[in-house]
Amino acid sequence: MTQYISGRMQRGFTIVELLIVIVVIAILAAITIVAYNGIQNQARRASLQSDASQATKQIQAFAVNNAETFPSSISSCPTPTSTAICLRQSGDNTATYVVDNSFSPRSYCYSTTASNGDSYYTDQSGQVLPGNCSQQSCYAIQQSGGAHGSGTYWIQPSSASQPMRVYCDMERAGGGWTLLMTNPGPQTLWNSVTYTELNAQRPSISQGYSILAHANAIKSNVSGNLQYRIDGEALGRWGGVFSAPFSTSLQSTSAQTVATLTQQFDSWTLDTTPADGTQALSTTVPWISSSYGITTWGGSGNWFGTLATNHSGWSPAPYINGPKTNPGSIWYWVR
């Protein structure tokens, strides 16, 4: 548009030019908002990490002065009791704290969460990592970047009313494995109750242990499949990694021949005809037989491929006929 003012020609903005200006302003505004949000997120993460770092210093300092026992509570404020400490969070961060001093190794988990759901946690390892004390499984911890090596972690599958201690193998066969069962024998450890839950608050790779009752809540859906792992004699030996459709129950009381061996440890022959004379681990997903225990046996013939049993004469169960009939210890994992 052109105007004449005081005898001079004045040129105004055209519609196209106005649109260009508006677009430029919008782009600059978007860049500003993104930058501002980025700064906010950085500040929020820094606040969470600071809270978690201060918490682990105070919790572990308390343990040094109290015979390696962690505080029973962090919310004894403003005047903590002799067994507790007072921890305050920054801004609107909220904290979760769980602790178990009942057996060695003693363990705790502290997590702090922002209003947008971001969270960081720390535990007896002393590291500050992304995540919280209520993740579904060891695999979920690994995927969130919260793994710090194999050992005790805290999770809260949907089947548990509160966080529970578990043992995670974060190193072998890709890591992210939650221990479901340890069977070092003797057979008197096992019965219809202990097959699914034994020393559930005391995860151990050397003592009898089972949290099979939580297996279906711990399993992860990876491209439509769940994965489980079985070891015999030593971790990462005489067994392998299996996959099965995610809908498969790990607490079934009947045989489900739907598993595929995806990684084998050591040299043994997979029994692909488990229904008529099992000699080893098979394509049957471990199930609970009232007569034989936790087994990959198919239901008739021999019952090798068994992970835990209360039948006498085995050390600790009839596992792989021949090379490892009695492997000494057997472990069962899920991710």
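A disulfide is a pair of cysteine sulfur atoms within 2.5 Å. The exercises below apply this cut-off to a predicted model.

**Exercise 1. Find how many disulfides the chain has, and give the pairing of the bonded cysteines in sequence order.**

Solution.
- Step 1. Cysteine 77 and cysteine 86 have an S to S distance of 2.0 Å, so by the 2.5 Å cut-off they form a disulfide.
- Step 2. For cysteine 109 and cysteine 133 the S to S distance is 2.2 Å, and they are joined as well.
- Step 3. Cysteine 138 is bonded to cysteine 168, with S to S at 1.9 Å.
- Step 4. The count under this rule is three disulfides.
- Step 5. With the bonded cysteines numbered along the protein chain, the pairing reads 1-2, 3-4, 5-6.

**Exercise 2. State whether the disulfide of cysteine 77 and cysteine 86 is right-handed or left-handed, and whether cysteine 77 is buried or partly exposed.**

Solution.
- Step 1. The torsion about the S-S bond is about 105°, so the link between cysteine 77 and cysteine 86 is right-handed.
- Step 2. Cysteine 77 has a relative accessible area of 33% and is partly exposed.
- Step 3. Buried means under 20%. Cysteine 86, with a relative accessible area of 19%, is therefore buried.

**Exercise 3. For the disulfide of cysteine 109 and cysteine 133, work out the handedness and where in the chain each cysteine lies.**

Solution.
- Step 1. The S-S torsion is about -90°, so this disulfide is left-handed.
- Step 2. Cysteine 109 sits in strand β4 (residues 107-113), while cysteine 133 is in the loop between β6 (128-130) and α2 (138-143). The two are 24 residues apart, and the pair links distant parts of the chain.
- Step 3. Cysteine 109 is buried at 2% relative accessible area, and cysteine 133 is buried at 0%.

**Exercise 4. Do the equivalent for cysteine 138 and cysteine 168: which elements does the pair link?**

Solution.
- Step 1. The disulfide of cysteine 138 and cysteine 168 has -75° about its S-S bond and is left-handed.
- Step 2. This pair also links distant parts of the chain: helix α2 holds cysteine 138 and strand β8 (residues 164-169) holds cysteine 168, 30 residues apart.
- Step 3. Both cysteine 138 and cysteine 168 are buried.

**Exercise 5. Which residues make the nonpolar surface patch of about 640 Å²?**

Solution.
- Step 1. The patch is made by Val16, Ile20, Val23, Val24, Ile27, Leu28 and Ile31.
- Step 2. Take isoleucine 20, which lies in helix α1 (residues 15-64).
- Step 3. Patch residues need over 30% relative accessible area. Isoleucine 20 has 49% and is partly exposed.

Definitions and conventions:
Residues numbered from 1 in each chain as written. Predicted model: local features only at pLDDT ≥ 70, side-chain atom pairs only at ≥ 80, totals over all residues. Heavy atoms only, no water. Buried < 20%, exposed > 50% of the residue type's maximum accessible area, 1.4 Å probe, protein only. Helix = DSSP H or I, 4+ residues; strand = E, 2+ residues; numbered from the N terminus. Patch = residues over 30% accessible without salt bridge, like charges linked within 9 Å, V, L, I, M, F, W, Y side chains within 5 Å. Areas by Shrake-Rupley, 256 points an atom, 1.4 Å probe, with all protein chains shown as cover. Salt bridge = Lys/Arg side-chain N within 4 Å of Asp/Glu carboxyl O.
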